[in-house]
Amino acid sequence: MKILIADSMHPSLFDMLRDQGWDYSYHPEFRREDILSDISGYEGLIIRSKTNVDEEMLSVATQLRFIARAGAGLDLIDLEAAAKRDIEVFHAGKGNRDAVAEHALGMLLALFNNILRADRQVRNGTWDREGNRGVELMKKTVSIIGYGNNGSATAQRLSGFGCRVLAYDKYRDNYGDAYATESSLEEIMQEADVVSLHIPLTEITRYLVNDDFITNFSKPFYLINLSRGETVSLDAVVKGLESGKILGACLDVLENEKIGKLTLAQQEAFDYLRASDNVVLTPHIGGWTHESYVRINEVLVEQIQNWL
């Protein structure tokens with residue numbers, strides 16, 4: 001079996017593939033045009049985040065049997081086009097769920113305890129205890145929207161902080177467990193102190209968090225997004241922060257992550273967010289640890305092996 005690896009991967013992958021007796025070509029430098037011209041000779045394609053696998057690409061991938069995404073989201077892959085060609089699609093949601101969960105807790109604790117602001121102040125010679133008085137996570141109602149790998153791993157961590165966790169997942173039934181209570185979106189909007197998003201990007205979830213979504217909450221809340229940037233309207237978040245309906249936001253993803261190519265409206269929203277002490281920003285690194293970099297490879301190879 002010949003596999004094209006068209007993105008940067010941890011070198012542990014190569015030994016794993018060789019151990020299975022699979023042939024591979026490693027071309028992290030490939031761009032779309034390179035993949036289009038070369039893909040016809042491969043049975044497998046491994047990608048990360050830069051490659052959009054659409055109808056055009058699949059139409060020339062005449063030997064392709066599977067696509068493996070080294071990450072959790074599948075929004076870069078035309079799943080319908082793959083299914084009609086009987087091309088199997090794998091993702092490594094289990095590979096980075098622990099990293100995502102820990103990052104979510106880290107961002108939230110930094111926000112609640114003013115850690116980033118206090119650190120800057122102390123470095124500049126300001127010792128302001130009262131101005132940096134924190135908020136406890138204990139006994140807060142944390143609502144998780146999207147209860148798959150990342151959502152459930154986050155709920156497990158939250159249980160150790162004495163939180164009440166509510167979970168909502170549009171695509172699952174009977175998913176309540178020891179760490180979260182299955183809930184409706186309406187219940188979440190009534191009771192949440194914190195809302196954490198762990199959802200894929202689809203036409204349904206695109207800009208799920210908008211002005212109406214925020215307005216429908218019965219009380220002010222904190223927002224965490226470690227899913228996809230386009231699930232949240234940054235303009236709506238800014239309005240929510242200005243009005244006090246959003247108390248603070250932890251954003252690992254943005255609706256446009258090309259910081260140097262923001263539209264005027266996106267730039268205005270981003271400028272507000274980066275100047276706010278009630279916002280914690282990170283560059284889409286929620287699942288990006290040294291451990292998950294290897295574990296993603298292990299999960300993908302295991303899935304492909306079991307499938308074969």
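Here are some numbered notes on the sheets, one helix and a few single residues in this predicted model.

1. Start with the bigger picture on the seven-strand side. This is an open sheet with the order β8-β7-β6-β9-β10-β11-β12, and the pairing is parallel. The edges are taken by β8 (181-182) and β12 (279-281); each has a single partner strand, so one side of each is left without a neighbour in the sheet.

2. If you want to look at one of those edges, go to β8. Strand β7 (residues 164-168) runs parallel to β8, and two bridges join them. To find the spot on screen, pick Ala167, whose bridge partner in β8 is Glu182.

3. There is also an open sheet of five strands, again with parallel pairing, in the order β2-β1-β3-β4-β5. Here β2 (23-26) and β5 (88-91) are the edge strands, pairing on one side only. Going from one strand to the next, the twist averages 20 degrees. The β5 edge is held by four bridges to β4 (residues 66-69), in the parallel sense, and Ala68 sits opposite Phe90 of β5.

4. Helix α5 (residues 97-112) deserves a look. It lies across β9 (194-197), β10 (221-225), β11 (246-251) and β12, and makes an angle of about 140 degrees with β11. Its length checks out: 16 residues at 1.5 Å a residue should span 22 Å, and the end C-alpha atoms are 23 Å apart, which agrees.

5. Which residues of α5 are buried? The list is Ala99, Val100, Ala101, His103, Ala104, Leu105, Met107, Leu108, Ala110, Leu111 and Phe112. Note that His103 is on that list, alongside residues such as Leu105 and Leu108. Just after the helix, Asn114 takes a positive phi of about 55 degrees.

6. Asp277 is worth clicking on. You'll find this residue in the loop between α11 (264-275) and β12. Asp277 is partly exposed, because its relative accessible area is 38% and the partly exposed class runs between 20% and 50%. Leaving aside neighbours within four places in sequence, Asp277 is in contact with Leu111, Arg117 and Arg120. Of these partners, Leu111 is one of the buried residues of α5. With Arg120 there is a side-chain polar contact of 2.9 Å. Asp277 also shows how the fold brings distant stretches together: Ile115 is 162 residues away in sequence, yet the two C-alpha atoms are 10.0 Å apart.

7. Now the cysteines. How many disulfides does a search of the whole structure find? Zero. Take Cys163: the closest cysteine sulfur belongs to Cys250 and is 13 Å away, too far for a bond, given that a disulfide needs the two sulfurs within 2.5 Å. The same distance applies seen from Cys250, whose nearest cysteine sulfur is that of Cys163. As for exposure, Cys163 is buried at 14% relative accessible area, and Cys250 is buried too, at 0%.

8. Last one: Thr51, in the loop between β3 (44-47) and α3 (55-60). Is Thr51 buried or exposed? Buried, with a relative accessible area of 5%. Not counting residues up to four places away in sequence, Thr51 touches Ala6, Ile35, Met57 and Leu76.

Terms used:
Residues numbered from 1 in each chain as written. Predicted model: local features only at pLDDT ≥ 70, side-chain atom pairs only at ≥ 80, totals over all residues. Heavy atoms only, no water. Pairing = 2+ DSSP bridges. Contact = heavy atoms within 4.5 Å. Axes fitted to C-alpha atoms, helices over the stretch in contact; angles between N-to-C directions. Buried < 20%, exposed > 50% of the residue type's maximum accessible area, 1.4 Å probe, protein only. Polar contact = N/O pair within 3.5 Å; in protein donor to acceptor, adjacent residues only side chain to side chain. Expected span 1.5 Å × (residues − 1).
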